[in-house]
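Trainee: Hi, have you got a few minutes to go through a protein with me? I'd like to get a feel for it before I head back to the bench.

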Amino acid sequence: MLDFESKIQHWINRLSFRLRAEAQQNLRQSGFDLSAEEWALMMVLWKKGPTPMAQLAEITLRDRTTVTRLVDRLIVKKLVQRGSVKPDRRKVIISVTAKGDNIKPAVMAAMLPLIKKSNAGISEPELAQAMDVLMRMAKNLDA
């Protein structure tokens with residue numbers, strides 16, 4: 001029988017759930033009306049700028065229906081907006097609003113304790129090695 005706790009995939013999944021739960025708690029305690037999933041979408045938009053809806057789904061590994069629902073909630077909160085690209089108005093582009101840009105520094109500050117907590121006791125070389133291994137594992141699945 002497979003001992004799942006002896007496999008790195010188990011610990012990656014467990015870490016993912018713990019990070020999501022603590023991110024949600026940090027956001028709530030800091031007064032932000034953002035779910036962890038909405039925060040992840042905002043992170044992509046803050047980094048990449050205006051992004052097509054289909055690309056957001058691909059980057060976040062979510063189906064288009066889920067991304068549409070997340071974007072709809074962020075639009076209600078006035079953090080993002082929909083637009084289109086001429087001449088193909090069918091291509092929907094999502095961009096951060098001024099309000100969304102304004103909250104970025106405070107949201108990032110709210111997340112720093114989580115990053116520090118999860119990295120505690122791990123050296124920079126160990127973090128770099130872990131990042132390299134995880135990126136290679138992800139690439140294996142992309143192939």
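Mentor: Happy to; we'll start with the overall make-up and then turn to salt bridges, strands and a loop. Keep in mind that this is a predicted model.

Trainee: Okay, how many helices and strands does the protein have?

Mentor: There are 6 helices and 3 strands. Reading from the N terminus, the order is α-α-β-α-α-β-β-α-α.

Trainee: And what box do the C-alpha atoms fill?

Mentor: Roughly 55 × 40 × 30 Å, taken along the principal axes. The accessible surface is about 10,100 Å², and carbon and sulfur atoms account for 58% of that.

Trainee: What share of the residues is buried?

Mentor: Of the 143 residues, 29% are buried. As for contacts with a separation of 6 or more, 51% are between residues 24 or more positions apart.

Trainee: Let's switch to charges. How many positive and negative side chains are there?

Mentor: The protein carries 24 positive and 15 negative side chains. The centres of those two sets lie 6 Å apart.

Trainee: How many salt bridges does that give us to look at?

Mentor: The count is 8 salt bridges. One of them joins Arg20 and Glu37, with 3.5 Å between the closest N and O atoms. Arg20 sits in helix H1 (residues 8-29) and Glu37 in helix H2 (residues 36-48), so this pair ties together parts that are 17 residues apart in sequence.

Trainee: Is that pair buried or exposed?

Mentor: In between. Arg20 is partly exposed at 31% relative accessibility, and Glu37 is partly exposed too, at 24%.

Trainee: Fine. What does Glu38, the next one along, pair with?

Mentor: Glu38 makes a salt bridge with Lys77, and the closest N and O atoms are 2.7 Å apart. That pair links distant parts of the chain: Glu38 is in helix H2, while Lys77 is in the loop between helix H4 (64-76) and strand S2 (80-84), 39 residues apart.

Trainee: And here, buried or exposed?

Mentor: Glu38 is buried, with a relative accessible area of 1%. Lys77 has 18%, and buried means under 20%, so Lys77 counts as buried as well.

Trainee: Which residue does Asp72 meet in a salt bridge?

Mentor: Asp72 meets Arg82, at 2.4 Å from N to O. Here helix H4 supplies Asp72 and strand S2 supplies Arg82, and the two are 10 residues apart. Asp72 is partly exposed at 33% relative accessibility, and Arg82 is partly exposed at 39%.

Trainee: Which residues are joined into one network by salt bridges that share partners?

Mentor: Asp33, Glu38, Arg73 and Lys77. You've already met Glu38 and Lys77 as a salt-bridge pair.

Trainee: New topic: strands. How do S2 and S3 pair?

Mentor: They run antiparallel, over 5 bridges. Within the strands, Val80 stands opposite Val96 in S3.

Trainee: What about strand S1?

Mentor: Strand S1 (residues 51-52) pairs with S3 too, in the antiparallel sense and over 2 bridges. There, Pro52 stands opposite Ile93 in S3.

Trainee: So S3 has S1 as a partner and S2 as well. How many of the residues in S3 are buried?

Mentor: Strand S3 covers residues 92-96, and 4 of its 5 residues are buried, leaving the strand mostly covered.

Trainee: Last stop, the loop between H1 and H2. Where does Phe32 make its contacts?

Mentor: Phe32 is in that loop and is buried, at 18% relative accessibility. Leaving aside neighbours within four places in sequence, Phe32 contacts Leu27, Ile103, Ala106, Val107 and Ala110. Phe32 and Ile103 are 71 residues apart along the chain, yet their C-alpha atoms are separated by 9.0 Å.

Trainee: And Ser35, buried or exposed?

Mentor: Buried, at 11% relative accessibility. Ser35 belongs to the loop between H1 and H2. Not counting residues up to four places away in sequence, Ser35 touches Gln24, Leu27, Leu70 and Arg73. You'll recognise Arg73 from the salt-bridge network, and Leu27 from the contacts of Phe32.

Trainee: Great, that gives me plenty to look at on screen. Thanks!

Terms used. Residues numbered from 1 in each chain as written. Predicted model: local features only at pLDDT ≥ 70, side-chain atom pairs only at ≥ 80, totals over all residues. Heavy atoms only, no water. Helix = DSSP H or I, 4+ residues; strand = E, 2+ residues; numbered from the N terminus. Buried < 20%, exposed > 50% of the residue type's maximum accessible area, 1.4 Å probe, protein only. Contact = heavy atoms within 4.5 Å. Areas by Shrake-Rupley, 256 points an atom, 1.4 Å probe, with all protein chains shown as cover. Lys, Arg positive; Asp, Glu negative; His and termini not counted. Charge placed at Lys NZ, Arg CZ, Asp CG, Glu CD. Salt bridge = Lys/Arg side-chain N within 4 Å of Asp/Glu carboxyl O. Pairing = 2+ DSSP bridges.
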